[in-house]
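Here's a quick briefing to read alongside the model. Have the sequence and the 3D view open as you go.

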Amino acid sequence: ATEIFTTAAQTSKDWYCVYFPVESVIASITVANATGESALHTTLPAGRTLFMNVTQVQLTSGVGIGYQEDPTS
């Protein structure tokens with residue numbers, strides 16, 4: 001499923017891609033099988049796409065679109 005979110009905490013996700021159509025501020029993010037994701041606690045410009053296995057994210061401001069690998073689930 002594709003999910004559009006704003007500042008509500010997104011938990012227990014399995015997204016392979018998160019797109020930010022407007023400038024967005026990441027308050028926290030967890031990426032499976034990665035280290036150093038705290039470097040992403042920053043302001044991302046409009047149009048930024050993160051290709052990584054995001055399992056949790058919370059924005060201070062902005063909009064994100066999370067994509068699961070299987071669009072039918």
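Strand β3 (residues 24–31) runs antiparallel to β5, and the two pair over 6 bridges. Bear in mind that this is a predicted model. β5, which covers residues 48–61, also pairs with β2 in the antiparallel sense, this time over 5 bridges.

**Strand pairing around β5**
- To find your way along the β3 pairing, start at Val 25, whose bridge partner in β5 is Ser 61.
- For the β2 side, go to Phe 20, which has Arg 48 as its bridge partner in β5.
- Ser 61 and Arg 48 are the two end residues of β5, given that the strand spans residues 48–61.
- As a reminder when you look at side chains, those in a regular strand alternate between the two faces of the sheet.

**Overall fold**
- How many helices and strands does the protein have? The count is 0 helices and 6 strands.
- Along the sequence, that reads as β-β-β-β-β-β.
- The radius of gyration comes out at 11 Å, close to the 11 Å that the globule rule gives for 73 residues, so the protein is as compact as a globular protein of that length.
- If you want a feel for the dimensions, the C-alpha trace spans about 30 × 25 × 20 Å along its principal axes.

**Contacts and surface**
- Counting contacts with a separation of 6 or more, 76% are between residues 24 or more positions apart.
- Of the 73 residues, 30% are buried.
- The protein exposes about 4100 Å², and 52% of that comes from carbon and sulfur atoms.

**The salt bridge**
- Searching the whole structure turns up 1 salt bridge.
- Which side chains meet in it? They belong to Glu 3 and Lys 13, with an N to O distance of 2.8 Å.
- The pair links distant parts of the chain, 10 residues apart: Glu 3 sits in strand β1 (residues 2–5), while Lys 13 is in the loop between β1 and β2 (15–20).
- Is Lys 13 buried or exposed? Its relative accessibility is 18%, and buried means under 20%, so Lys 13 counts as buried.
- Glu 3 has a relative accessibility of 25%, which lies between the 20% and 50% cut-offs, so Glu 3 counts as partly exposed.

Key:
Residues are numbered from 1 along each chain as its sequence is written. This is a predicted model: local features need pLDDT of at least 70, side-chain atom pairs count only at pLDDT 80 or more; totals for chains, interfaces and linings use all residues. Side-chain values use heavy atoms; hydrogens and water are left out. A salt bridge is a side-chain nitrogen of Lys or Arg within 4 Å of a carboxyl oxygen of Asp or Glu. Helices (H or I, at least four residues) and strands (E, at least two) are DSSP runs, numbered from the N terminus. Buried means under 20% relative accessible area, exposed over 50%, partly exposed in between (1.4 Å probe, protein chains only). Two strands pair if DSSP finds at least two bridges between them. The radius of gyration is taken over C-alpha atoms; the globule rule is 2.2 Å times the number of residues to the power 0.38. Contact means heavy atoms within 4.5 Å. Accessible areas come from the Shrake-Rupley method with a 1.4 Å probe; for residues, only the protein chains shown count as cover.
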